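Visitor: Please show me the model, and then let us go through it one question at a time.

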Amino acid sequence: MTDDGDPIGYPTLVEGTPVRSADGHEIAHVKHVLFEDDVDLFDGIIVDTKHGTRFIDADQVTEITTTHVGCTVSDAEVENLPKPDAAAVYDVNMAQAESKHVWDRVKRAIKGGDWKREGSD
């Protein structure tokens with residue numbers, strides 16, 4: 001018998017939480033939760049898999065509990081999940097960042113270069 005845990009919200013999801021596939025198998029562990037706090041928008045999770053670091057979109061997350069995250073990704077699809085597109089984002093210590101805006105934190109994390117959020121001017 002597995003412990004399905006109690007439902008929780010994404011803000012309380014912690015690093016290391018197991019991620020289960022649609023097939024019910026453990027496929028990854030949570031590395032980071034991506035969200036925009038100002039508008040209460042859950043964007044998805046960055047996970048560690050045996051294939052490396054991958055992104056699971058919020059639309060693919062079916063449940064978040066105290067013991068695991070469930071998703072619509074099958075066991076066979078894990079390897080083909082997208083890799084995070086900006087590695088520097090995931091090295092930011094969000095708890096110690098000064099700004100509440102995710103993109104401000106990201107900009108500070110990227111040293112040098114002329115980086116800006118895609119679609120912004």
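Visitor: What area does the protein expose, and what percentage of it do carbon and sulfur atoms supply?

Guide: This is a predicted model, in which local features need pLDDT of at least 70 and side-chain atom pairs count only at pLDDT 80 or more, whereas totals for chains, interfaces and linings use all residues. Residues are numbered from 1 along each chain as its sequence is written, and side-chain values use heavy atoms, with hydrogens and water left out. Accessible areas come from the Shrake-Rupley method with a 1.4 Å probe, and for residues only the protein chains shown count as cover. On that basis the protein exposes about 7,900 Å², of which carbon and sulfur atoms supply 47%.

Visitor: In what pattern do the helix and the strands follow one another along the sequence?

Guide: Helices (H or I, at least four residues) and strands (E, at least two) are taken as DSSP runs and numbered from the N terminus. The protein has 1 helix and 6 strands. Read along the sequence, these elements give the pattern β-β-β-β-β-β-α.

Visitor: What percentage of the residues in the protein is buried?

Guide: A residue is called buried under 20% relative accessible area, exposed over 50%, and partly exposed in between, with a 1.4 Å probe and protein chains only. Among the 121 residues in the protein, the buried ones make up 34%.

Visitor: Which element gives the largest share of the largest nonpolar core?

Guide: A nonpolar core is a set of buried Ala, Val, Leu, Ile, Met, Phe, Trp, Tyr and Cys residues joined through side-chain atoms within 4.5 Å. The largest one has 19 residues, and V19, F42, I45, I56 and V69 touch the most other members. Two or more residues come from each of β2 (26-36), β3 (41-49), β5 (61-64) and β6 (69-71). The largest share, 4 residues, comes from β2.

Visitor: Which residues does V19 contact once its neighbours within four places in sequence are left aside?

Guide: Contact here means heavy atoms within 4.5 Å. With those neighbours left aside, the contacts of V19 are H25, E26, I27, A28, H29, V30, I45, V47, I56, V69 and C71.

Visitor: Which residues are linked into a cluster by ring pairs?

Guide: Rings of Phe, Tyr and Trp (its six-membered ring) pair if their centres lie within 6.5 Å, and planes under 30 degrees apart count as stacked, over 60 as edge-to-face and the rest as tilted; the count comes to 2 aromatic pairs. The rings of Y10 and F35 have centres 5.4 Å apart and planes at 55°, so this pair is tilted, while Y10 and F42 form a stacked pair, at 5.0 Å centre to centre and with 20° between the planes. The cluster that these ring pairs link consists of Y10, F35 and F42.

Visitor: Why does the pair of Y10 and F35 tie together separate parts of the sequence?

Guide: Y10 is buried, with a relative accessible area of 13%, whereas F35 is partly exposed at 29%. Y10 lies in the segment before β1 (18-20) and F35 in strand β2, so the pair ties together parts whose separation in sequence is 25 residues.

Visitor: Which residue in β3 is the bridge partner of F35?

Guide: Two strands pair if DSSP finds at least two bridges between them, and β2 and β3, which run antiparallel, are joined by 7 bridges. The partner of F35 in β3 counts as buried, at 18% relative accessibility, and this residue is F42.

Visitor: Which residue takes a positive phi in the hairpin of β2 and β3?

Guide: The hairpin has 4 residues between the strands, and the positive phi is near 50°. The residue concerned lies in the loop between β2 and β3 and is exposed, with a relative accessible area of 57%. This residue is D40.

Visitor: Which residue in β4 stands opposite D48?

Guide: β3 and strand β4 (residues 52-57) pair in the antiparallel sense over 6 bridges, and a hairpin joins the two through 2 residues. Opposite D48, the residue in β4 is T53.

Visitor: Which side chain meets R20 in a salt bridge?

Guide: A salt bridge is a side-chain nitrogen of Lys or Arg within 4 Å of a carboxyl oxygen of Asp or Glu, and the count comes to 1. The pair links R20 in strand β1 to a residue in the segment before β1, 16 residues apart. At 3.1 Å, N to O, the partner of R20 is D4.
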